[in-house]
Amino acid sequence: SVCVVSAGLTGGGAMTEFQEKLRQQHEESLHRELEALLATAEHGELQSSRKDFRGFQELFHRFLQVKGPSVDWSKIRRPPEPSVQPYEQIKAKGLPDDVSACLSKLAVVKLNGGLGTSMGCKGPKSLISVRNENTFLDLTVQQIEHLNKRFNTDVPLVLMNSFNTDHDTKKILQKYKHHRVNIHTFNQSRYPRINRESLLPIARSLAVGGENAEAWYPGHGDIYASFSNSGLLDQLIAEGKEYVFVSNIDNLGATVDLFILHHLMSQPADKRCEFIMEVTDKTRADVKGGTLIQYEDHLRLLEIAQVPKAHVDEFKSVSKFKIFNTNNLWISLPAIRRLQDRGALDMEIIVNPNTLDGGLNVIQLETAVGAGIKSFSNAMGVNVPRSRFLPVKTSSDLLLVMSNLYSLDAGSLTMSEKREFLSTPHVKLGSSFTKVQEFLSRFDSIPDMLELDHLTVSGDVTFGKNVSLKGTVIIIANHGDRIDIPAGAMLENKIVSGNLRILDH
């Protein structure tokens with residue numbers, strides 16, 4: 001297995017002559033295979049593939065050099081207080097005197113590489129309808145257009161696509177050409193999956209479809225290199241932009257925050273913070289999320305994949321690691337340029353094992369965007385309200401954002417003033433709701449959830465119009481049974497099980 005190979009290459013201290021020779025052989029073999037793949041390139045594909053492969057070879061080289069776990073657990077410290085500031089402290093500084101001047105220095109980058117397959121949809125996830133027929137992309141465009149109109153400014157939207165999403169996203173962008181938003185795109189790298197035993201690419205050509213469909217993956221976390229290679233980084237700097245606000249396109253809470261922007265822009269040039277990571281308090285639902293730690297005088301992102309097995313429970317503990325990374329990041333553009341030029345962005349490699357349909361064991365070499373934090377000057381975390389983290393990963397999340405818990409204004413979702421609790425209900429929908437189309441077919445209308453604390457639904461369950469759910473509601477249809485919640489029903493602190501079927505007469 002790969003663990004054996006890499007441990008055999010690097011286990012304990014300096015490499016032996018044999019290990020060094022073995023590592024060189026692996027690198028030479030990989031290089032030959034990549035050159036053979038480049039020979040299959042079609043016109044126009046060669047240059048971008050060559051850049052991607054250079055990035056991958058660098059990643060592979062570092063992967064072979066890794067000496068055991070990337071963190072020494074005994075050196076991990078909780079970040080000191082000034083390193084992670086409460087949002088209220090940032091907000092207390094107020095808004096900038098000239099909001100439009102501040103916004104003129106900003107660009108917004110949305111990570112748009114993901115597909116909607118986990119929710120049963122084809123194509124880019126950003127094109128799934130989430131609220132009033134609006135997609136993630138629609139809401140993003142509305143938010144930025146609203147900013148540009150309100151403050152008479154020109155914040156551009158940059159989409160980082162992947163080879164999976166680029167074509168469909170570009171087709172849809174036509175519909176925004178009359179909106180007051182300049183939209184740019186660039187592609188994240190395309191990296192080859194490698195065989196876990198041989199450590200060689202499984203691809204036989206550069207084609208991404210057909211038999212080769214599973215041979216490639218989008219380079220995770222490589223926004224820095226891809227942004228730079230695309231030419232867009234230099235273009236934005238030339239236009240006077242100083243910061244980018246980076247977030248996942250499926251996080252509906254990740255809107256431009258003027259208080260954080262003001263905090264960045266109001267600092268003296270020599271003390272300017274080059275990187276802000278928005279973190280928020282962990283709940284039991286977030287125990288696997290990456291956290292910020294102090295490590296050898298630097299802030300550092302610690303992901304669960306980097307945690308030694310013996311310490312995984314400690315990592316998941318809400319008492320020891322109280323915050324997690326929302327992946328809402330504010331990053332200095334000149335600093336990205338400087339670090340790219342020096343090759344000084346040293347991000348930990350995450351080895352992601354995968355088993356393909358035919359049973360082949362492969363690995364993906366990945367990095368996390370937030371792991372770049374340790375390379376930037378005066379980096380800090382800001383502990384933001386939970387409302388800044390509203391990701392839609394599942395149909396359970398979708399139910400929340402479609403409900404009356406939220407109101408929609410200029411592309412932004414805000415918690416209804418009618419809800420007494422700031423926290424969102426815990427919703428767990430069963431496998432019958434996984435795919436978006438099936439999920440939608442099970443609701444005649446989205447229930448009233450303003451007073452809901454917890455909802456669990458399992459099995460073949462449908463909801464009529466104007467259903468109201470309050471407190472804790474558990475609905476379980478046993479195998480072969482069906483439960484139809486009738487129109488107008490009000491369920492408060494109820495368990496519904498067995499077979500409840502309402503038939504028209």
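A polar contact, as I shall use the term, is a pair of N or O atoms within 3.5 Å, and within protein one of the two must be able to donate a hydrogen and the other to accept it. Good morning, colleagues. The structure before you is a predicted model, and I shall begin with a pair of residues to which that definition applies. The side chains of Lys393 and Asp250 are joined by a polar contact of 2.9 Å.

Let me place these two residues. Asp250 sits in the loop that links strand 10, residues 243-248, to helix 10, residues 258-265. Lys393 belongs to another loop, the one between strand 17, residues 380-383, and helix 13, residues 395-402. Both residues appear in the UniProt record, in an unreviewed entry, where the annotation "binding site" covers Lys125, Gln188, Gly219, Asp250 and Lys393.

Is Asp250 buried or exposed? Its relative accessibility is 7%, and because the limit for buried is under 20%, Asp250 counts as buried. Lys393, by contrast, has a relative accessibility of 41% and therefore counts as partly exposed.

Which residues surround the pair? Setting aside residues up to four places away in sequence, Asp250 touches Lys125, Phe136, Leu390, Pro391, Val392 and Lys393. On the same terms, Lys393 touches Ser118, Met119, Lys125, Asn248 and Asp250. Lys125 thus appears in the list for Asp250 and in the list for Lys393, and the UniProt annotation also covers Lys125.

A further position deserves mention here. UniProt, again in an unreviewed entry, places the feature "binding site" at His220. This residue lies in the loop between strand 9, residues 216-218, and helix 8. With 36% relative accessibility, His220 counts as partly exposed. Beyond residues up to four places away in sequence, His220 touches Gln188, Gln364, Glu366 and Thr367; of these, Gln188 is among the positions in the annotation I cited earlier.

I turn now to the sheet. In what order do the eight strands of the open sheet run? The order is 1-17-11-14-10-2-5-6, with mixed pairing. Strand 1, residues 84-86, and strand 6, residues 183-187, stand at the edges; each has a single partner strand, so one side of each is left without a neighbour in the sheet. On average, neighbouring strands are turned by 25 degrees against each other, direction ignored.

Within this sheet, strand 10 and strand 14, the latter spanning residues 323-332, pair in the antiparallel sense over four bridges. Tyr243 has Ser332 of strand 14 as its bridge partner.

Helix 8, residues 223-230, packs on the sheet and touches strands 2, 5, 6, 10, 11 and 14, and its direction makes about 115 degrees with that of strand 6. Helix 10 also packs on the sheet, where it touches strands 1, 2, 10, 11, 14 and 17; its direction makes about 145 degrees with that of strand 11. You will recall that Asp250 lies in the loop leading from strand 10 to helix 10.

There is also a hairpin to point out. Strand 12, residues 291-295, and strand 13, residues 298-302, run antiparallel and are joined by five bridges. Leu292 has Leu301 in strand 13 as its bridge partner. Two residues lie between the strands of this hairpin, and Glu296 takes a positive phi near 50 degrees. Strand 13 is mostly covered, with four of its five residues buried.

Next, the division of the chain. Domain 1 covers 73-388 and domain 2 covers 395-497. Their C-alpha centres lie 30 Å apart. To the contact between them, domain 1 gives 16 residues and domain 2 gives 15 residues.

Finally, consider helix 13. How many of its eight residues are buried? Six are, and the helix is mostly covered. The buried residues are Ser395, Ser396, Leu398, Leu399, Leu400 and Val401. They pack against strand 3, strand 18, strand 19, strand 20, helix 14 and strand 21.

Ser395, in helix 13, has a relative accessible area of 6% and is therefore buried. Apart from its neighbours within four places in sequence, Ser395 is in contact with Met119, Leu429, Phe433, Thr434 and Phe439. Met119 is also one of the residues that Lys393 touches, which returns us to the pair with which I began, Lys393 and Asp250, joined by their polar contact of 2.9 Å. Thank you for your attention.

How values were computed:
Residues numbered from 1 in each chain as written. Predicted model: local features only at pLDDT ≥ 70, side-chain atom pairs only at ≥ 80, totals over all residues. Heavy atoms only, no water. UniProt positions renumbered as here; feature names shortened; annotations may be inferred. Buried < 20%, exposed > 50% of the residue type's maximum accessible area, 1.4 Å probe, protein only. Contact = heavy atoms within 4.5 Å. Pairing = 2+ DSSP bridges. Axes fitted to C-alpha atoms, helices over the stretch in contact; angles between N-to-C directions. Domains from an automatic or database assignment.
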